[in-house]
Amino acid sequence: MSGGEHRWSKVLPPVALCALLWGSAFPGIKSVYLIWEKEGLHPTAVDCWWFAGVRFTLAGLMLLVVARQPWAEFKATPKRALLGFGITQTFGQYLLFYLAISAASGSLAGLLSSLGSFWWMLLGPLVGGVAWPRPAQWLAIAVGGVGVAVAAGSEKSGMGNPWLGTALLLGSTGLGTLGLVQFAALKKTIGARAATGFSLFGGGLGLLLAGAGSFPKAALLMPPAAIWLTLWLAFVSAAAFSLWNHLSTLHPMPLLAGYRLLIPLAATLESMLFLGERPGWSFATGGVLILGSLVASQRLSREVPAA
């Protein structure tokens, strides 16, 4: 089987499934925020973190229940490395992300999830032993940066603070990418399900601690509709994260980074479908610049420079 056929048959289907699952999380989270607003609640940072903590604690428990030998793998794994994985992939990433999606539209947050691929080009050489981007790739990154600015600038007033949301998403995707890199050092002693389960559960507890001030109004924050959405979001985290981390044990991370563009596409389209968002032509222009620069940088990474 050729390399191209392998990517289409072995990589694309599971990555597309991850994209669809993660894509549904953007309108799902935003829908919970809208439920709160309809109930007269204006979400604070503490409320967002408490909500995230509930979601990820549940997701971690779901995975630990179905993992093969989670405690045996936990004992065999360096605790400091596992703690770092949980801090970056779950706690730190979503401490920023849940604030970001309260400040930006679901469409913008979905589109900017593509920043993880740019982060890989920057973090890969530092911690993953990957070659530094070539001049043409740096140009593609710069074009992507222009696209981010155009997309963020297209947000209408009244939808929050898109520039704050963009800054928070930049930090969130960076931590998520660093978490994936850290998992590479764990996979010799712990499987994807167990590692992801402990990461989600531990990170979820940390987020619950950060949002502890919202426990007294838990009943107000979790009407029936919000409960069902939270359960779905917990399943999304358990399924998508474990599958993505498993894929990272089978395929090179630069290859997976190239397929990440499916995630912002799914997230943006699902936000438009379920939230009724209509971003406009400026947003579309920014999206074309971002996704086009990603495609170009990935193609350039596969080309071998002349000697």
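**Figure 1. Surroundings of Ala234 in helix α11 of the predicted model.** Ala234 has a relative accessibility of 0% and therefore counts as buried, the limit for that term being under 20%. The residues that Ala234 touches, leaving aside those up to four places away in sequence, are Arg55, Leu58, Ala59 and Met62. Of these contacts, Met62 is 172 residues from Ala234 along the chain, yet the C-alpha atoms of the two are separated by 8.2 Å.

**Figure 2. Helix α9 and the setting of Ser199.** Helix α9, which runs over residues 192-210, has 19 residues and reaches 26 Å from its first C-alpha to its last, close to the 27 Å expected at 1.5 Å a residue. Its buried residues include Ala192, Ala195, Phe198, Ser199, Gly203, Gly204 and Leu208, and among the elements that cover the buried residues of α9 are α2, α3, α4, α8 and α11. Ser199 itself has a relative accessible area of 1% and is therefore buried. Not counting residues up to four places away in sequence, Ser199 touches Phe85, Gly86, Gln89, Thr90 and Gly204.

**Figure 3. Two aromatic pairs that link separate helices.** The structure holds 19 aromatic pairs. In one of them, the ring centres of Phe56 and Tyr98 are 6.2 Å apart and the planes stand at 75 degrees, so this pair is edge-to-face. Because Phe56 lies in helix α2 (residues 45-66) and Tyr98 in helix α4 (residues 79-103), the pair ties together parts that are 42 residues apart in sequence. Both Phe56 and Tyr98 are buried. Phe85 and Phe183 form another aromatic pair, which is tilted, with 5.6 Å from centre to centre and 35 degrees between the planes. This second pair links distant parts of the chain, since Phe85 belongs to helix α4 and Phe183 to helix α8 (residues 162-183), 98 residues apart. Phe85 and Phe183 are likewise buried.

**Figure 4. The aromatic cluster and charged ends over rings.** Ring pairs join a cluster whose members include Trp22, Phe26, Tyr33, Trp36, Phe51, Phe56, Tyr94 and Tyr98, together with Phe241 and Trp244. One ring of this cluster, that of Tyr94, has the charged end of Arg55 sitting over it, 5.9 Å from its centre. In another such arrangement, the charged end of Lys79 sits over the ring of Phe74, at 4.9 Å from the ring centre.

**Figure 5. The nonpolar cores.** The largest nonpolar core has 68 residues, and those with the most contacts inside it are Trp22, Phe51 and Tyr98. Helix α1 (residues 3-38) gives the most to this core, contributing 13 residues. Tyr98 touches Ile29, Tyr33, Cys48, Phe51, Ala52, Arg55 and Phe56 when residues up to four places away in sequence are not counted. A second, separate core has 11 residues, including Leu64, Leu186, Ala192 and Ala195.

**Figure 6. The bend in helix α6.** Helix α6 bends by about 35 degrees at Met121, and a proline, Pro125, follows within four residues. At 1.5 Å a residue, the 13 residues of this helix (residues 115-127) should span 18 Å, which agrees with the 18 Å between its end C-alpha atoms. The residues at the bend and at the proline, Met121 and Pro125, are among the buried residues of α6, which also include Leu115, Phe118, Trp120 and Leu123.

Definitions and conventions. Residues are numbered from 1 along each chain as its sequence is written. This is a predicted model: local features need pLDDT of at least 70, side-chain atom pairs count only at pLDDT 80 or more; totals for chains, interfaces and linings use all residues. Side-chain values use heavy atoms; hydrogens and water are left out. The expected span of a helix is 1.5 Å times one less than its number of residues. The bend at a residue is the angle between axes fitted to the seven residues ending there and the seven starting there. Buried means under 20% relative accessible area, exposed over 50%, partly exposed in between (1.4 Å probe, protein chains only). Rings of Phe, Tyr and Trp (its six-membered ring) pair if their centres lie within 6.5 Å; planes under 30 degrees apart count as stacked, over 60 as edge-to-face and the rest as tilted. A charge sits over a ring if NZ of Lys or CZ of Arg is within 6 Å of the ring centre and within 35 degrees of the ring normal. Contact means heavy atoms within 4.5 Å. A nonpolar core is a set of buried Ala, Val, Leu, Ile, Met, Phe, Trp, Tyr and Cys residues joined through side-chain atoms within 4.5 Å.
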